[in-house]
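Q: I'm new to this one and would like a close look at a single part of it. Could you walk me through it informally, one piece at a time?

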Amino acid sequence: MSHRIRRVAVLGAGVMGSGIAAHLANAGIPTYLFDMVPRDAGEDPKARSAYAIKGVQTAVKIKPAALFRKDDAALITPCNYDDHGDKLAECDWIVEVVVERLDIKQKVFQWVADNRKEGSIVSSNTSGIKLVDMTEKMSDEMTKNFLVTHFFNPVRYMRLLEIVTGPETDPEVAATMATFCDRVLGKGVVFGKDTPNFIANRIGTYGMASTFKHALAAGMTVETVDAIFGPSMGRPSSAVFRTADIVGLDTLQHVFSNLHEYLVDDDERDIFELPNAVAKLIEDGRTGQKTGAGFYKKVKGKGGKSEILALDLETLEYRPKEKPRFPCTGKARKAEKIADKLQAMVYGDDEAAKLAWTVTADTLIYSAKRVPEIADDVVAVDNALKWGFGWGTGPFETWDAIGVAKSVEKMKAEGREVPSWVTDMLATGRESFYQRGDDGVVSFWNRDGGSKPVDVPAGVLFLQDKVSAGKVVDRNPSSSLIDLGDGVLGLEFHSKMNALDELIIAQYADALDRLDNDEFDALVIANQDPKAFCAGANVLMILMQAMQGQWTEMEAGINTLQQLLMRAKYHRKPVVAAPHGLTLGGGVEVSMHTAATQAGSELYMGLVEVGVGLIPGAGGCKETIVRYLGDVPQNIDYDPNPYVMKAFEHIGMAGVSKSAEEARLMGYLRPTDRLTLNPDRLVADAKQLALGLVAGGYKAPRQRTVKLPGSTGRAAIELFLYQMHEGGFPTDHDVTVGKKLAHVLTGGDIPWGTSLTEQDLLDLERETFLSLAGTPESQARMQHMLQTGKPLRN
């Protein structure tokens with residue numbers, strides 16, 4: 001990067017501004033958060049920055065959490081425009097996030113011009129105002145350093161960042177921002193054109209408008225529409241009407257109005273006229289979630305329990321929610337692949353399928369007509385909708401999934417006009433917008449004819465590309481060994497939810513054998529499932545063995561996994577884990593028993609076995625205690641009780657981190673473990689970490705011993721359990737499990753201060769796991785989890 005971004009100013013401390021500041025803090029970037037001085041503030045410095053202070057407080061309190069850890073709010077300094085203009089000169093990037101009014105933005109930009117240092121980058125987070133209008137009164141130097149950086153809310157979780165440049169924007173400035181937002185902030189960067197609402201909101205809002213139009217005409221209920229356009233089509237469960245409530249109907253009105261006003265040459269401009277039903281809701285003050293009523297309304301039902309009511313689109317009155325069922329949604333629900341879900345939905349015969357087809361066909365054709373008006377290629381459009389709206393597939397990937405030739409034939413039969421460049425592609429014999437070649441390289445069809453390779457930025461590694469290029473070393477139904485290049489072997493889990501099973505365990509052992517045989521220099525354990533690294537062990541296998549009394553087999557299996565993970569932890573060659581997303585139970589144990597971890601920042605990590613009436617059995621208890629106490633010099637007379645109690649709290653309460661930084665606080669990541677914010681970069685970063693360990697002459701650590709309190713320390717935990725039970729919180733069996741867990745964490749029946757080895761703790765852990773697996777209560781909990789996906793509280 002030609003520019004170095006070390007400090008940022010965020011102008012506007014509303015929800016969006018505070019979200020951007022919070023995410024900069026997540027990335028370790030010091031930030032000034034600016035807002036106005038309240039009219040009645042007087043001379044008190046805190047009162048004069050009250051709006052910005054409130055913005056920081058919002059970042060700390062808001063749910064879902066904006067910060068990886070709350071104390072990172074210290075990186076955000078609240079400021080006001082009147083008193084702190086001089087601080088702008090310290091900033092390398094200044095991002096404006098004020099109200100969507102051109103006159104107000106231009107006033108802010110003049111203040112920026114008066115206070116910034118020359119060469120600093122200035123951007124707007126506008127979602128609809130044209131860049132050329134915002135730069136009209138700017139100096140040439142500031143215009144050269146100006147661009148649009150459009151984040152999506154909530155900033156931490158929505159991956160999309162749309163960058164829009166003007167004719168005078170310095171290409172180096174655009175490149176700097178793209179690199180910074182990709183590598184440092186973890187964003188999926190898409191370059192759009194200076195057109196109304198850019199890419200994602202243009203296409204996404206069109207899809208919503210088409211849904212409103214056809215659903216109202218067909219008399220569909222809000223629940224039916226959301227059942228159609230949610231997970232059944234590989235999209236978020238909030239679907240259409242629930243998403244509108246979350247966004248806010250007043251915000252939706254602004255987007256619709258902006259598109260209708262400025263898209264004077266759009267042949268489908270009229271679709272952006274807000275439906276009367278939506279306008280009436282806004283008039284009544286029913287603008288969605290923030291007012292408690294929109295298309296849905298949350299009320300107190302019988303017994304004081306919350307109940308969700310749905311809007312009747314004809315009467316605009318609320319009624320109990322229905323549970324619509326259709327053959328197409330049932331078929332889609334059973335399908336595992338998104339392509340199968342989409343085909344089930346758009347090619348069905350029922351009313352829901354007809355609506356799914358109509359809206360999909362509208363959206364695909366509209367998207368095709370907007371290239372290259374809003375974006376240079378189909379890749380940018382697809383990524384914008386996936387990263388900004390949470391669609392499982394973008395418009396052109398969706399077209400591929402349902403079959404371009406088949407769908408175009410149906411569109412033409414209905415009298416629809418398909419853009420010529422799409423039919424021209426089919427005429428060449430190419431039947432999809434994306435194709436993967438024999439060399440593993442994916443190409444896309446270019447609007448102007450011919451294909452181009454999809455750009456894979458430096459520092460990004462896709463496992464599927466390696467697989468397609470013939471780099472699979474070995475494979476079974478649950479896992480694969482993949483040659484990642486440069487002497488690094490990859491172990492990929494691909495069982496259901498990537499849960500550990502016998503096939504994965506055997507493949508892991510084989511991977512370590514290959515390290516022993518010097519076939520590879522290092523091992524990386526990773527996958528690119530967007531949801532889960534590893535959701536734990538195979539509960540069904542454990543339950544079946546317990547119900548059949550196969551205790552010898554169960555103990556042997558647990559011991560095998562324990563010894564495998566210890567072998568990995570202390571291997572002479574480095575093993576690196578790359579956990580991300582859902583990482584539970586056995587997934588935590590796999591990650592902890594490695595030389596190092598390169599974690600995805602969105603990491604939901606926890607030892608949750610108590611939820612099925614068990615304790616961690618493959619070293620989770622042992623490794624947590626070793627993480628807490630293993631670094632304390634053994635010649636120091638320390639009190640292990642506080643450490644043991646903290647381990648008990650995390651494991652006994654089935655605590656799950658809400659970020660990788662929280663996982664670090666819980667001890668599941670080391671202080672030295674690294675984070676990657678961009679999920680596309682995680683595997684490559686893990687590989688580089690492994691190579692760095694090799695280059696540095698990696699040597700396995702020594703095994704550890706820990707001093708534990710024994711029965712004396714266990715008494716304190718049992719008192720805690722007794723008090724909790726008396727308060728009506730844990731059930732009888734929870735107390736039983738808690739006592740068993742305490743027995744392991746305190747070292748069993750030993751005198752205070754006895755030193756135990758890791759193997760001592762593993763033996764205790766295995767024995768206790770087996771004892772709990774034999775209880776009817778734990779077996780009932782395992783059955784319930786398998787049937788419902790939720791823990792049983794009895």
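What volume does the second largest cavity have? And what surrounds it?

A: Happy to. Bear in mind that this is a predicted model, so everything here is computed from it.

The second largest cavity has a volume of about 30 Å³. To place that, a search through the whole structure turns up 2 cavities of 30 Å³ or more. The other one, the largest cavity, holds about 40 Å³ of space.

Now for the walls of your cavity. Try picking out Arg 235, Thr 360, Thr 363, Leu 364, Trp 391, Pro 395 and Thr 398, the residues that line the second largest cavity. Two elements each give two or more residues to this lining: helix 15, spanning 351-369, and helix 17, spanning 395-402. Helix 15 provides the largest share, with 3 residues.

What sort of residues are they? By class, the lining of the second largest cavity divides into 3 nonpolar, 3 polar and 1 charged. Going by that split, Leu 364, Trp 391 and Pro 395 are the nonpolar ones, while Thr 360, Thr 363 and Thr 398 make up the polar group. Arg 235 is the charged one.

It helps to set this beside the largest cavity. There the lining has 7 nonpolar residues, with no polar and no charged ones. If you want to find them, look for Phe 212, Leu 216, Phe 241, Ala 277, Val 278, Phe 295 and Leu 313. For this cavity, the elements giving two or more residues to the lining are helix 8 (200-218) and helix 12 (276-283). So what sets the two linings apart by class? The second largest cavity has polar residues and a charged one in its lining, whereas the lining of the largest cavity has neither kind.

To go over the route once more on the structure: start at helix 15, which gives the largest share of the lining of the second largest cavity. Among the residues to mark there are Thr 360, Thr 363 and Leu 364. Then move on to helix 17 (395-402), the other element that gives two or more residues, and mark Pro 395 and Thr 398. Finish with Arg 235 and Trp 391, which also line this cavity.

Conventions
Residues are numbered from 1 along each chain as its sequence is written. This is a predicted model: local features need pLDDT of at least 70, side-chain atom pairs count only at pLDDT 80 or more; totals for chains, interfaces and linings use all residues. Side-chain values use heavy atoms; hydrogens and water are left out. On a 1 Å grid over the protein atoms alone, a cavity is a set of points where a 1.4 Å probe fits but cannot get out, and a pocket is an open set with protein on both sides within 12 Å along at least five of seven lines; lining residues have an atom within 4 Å of a point. Grid points are joined across faces, edges and corners, and a volume is the space filled by probe spheres set on the points. Helices (H or I, at least four residues) and strands (E, at least two) are DSSP runs, numbered from the N terminus.
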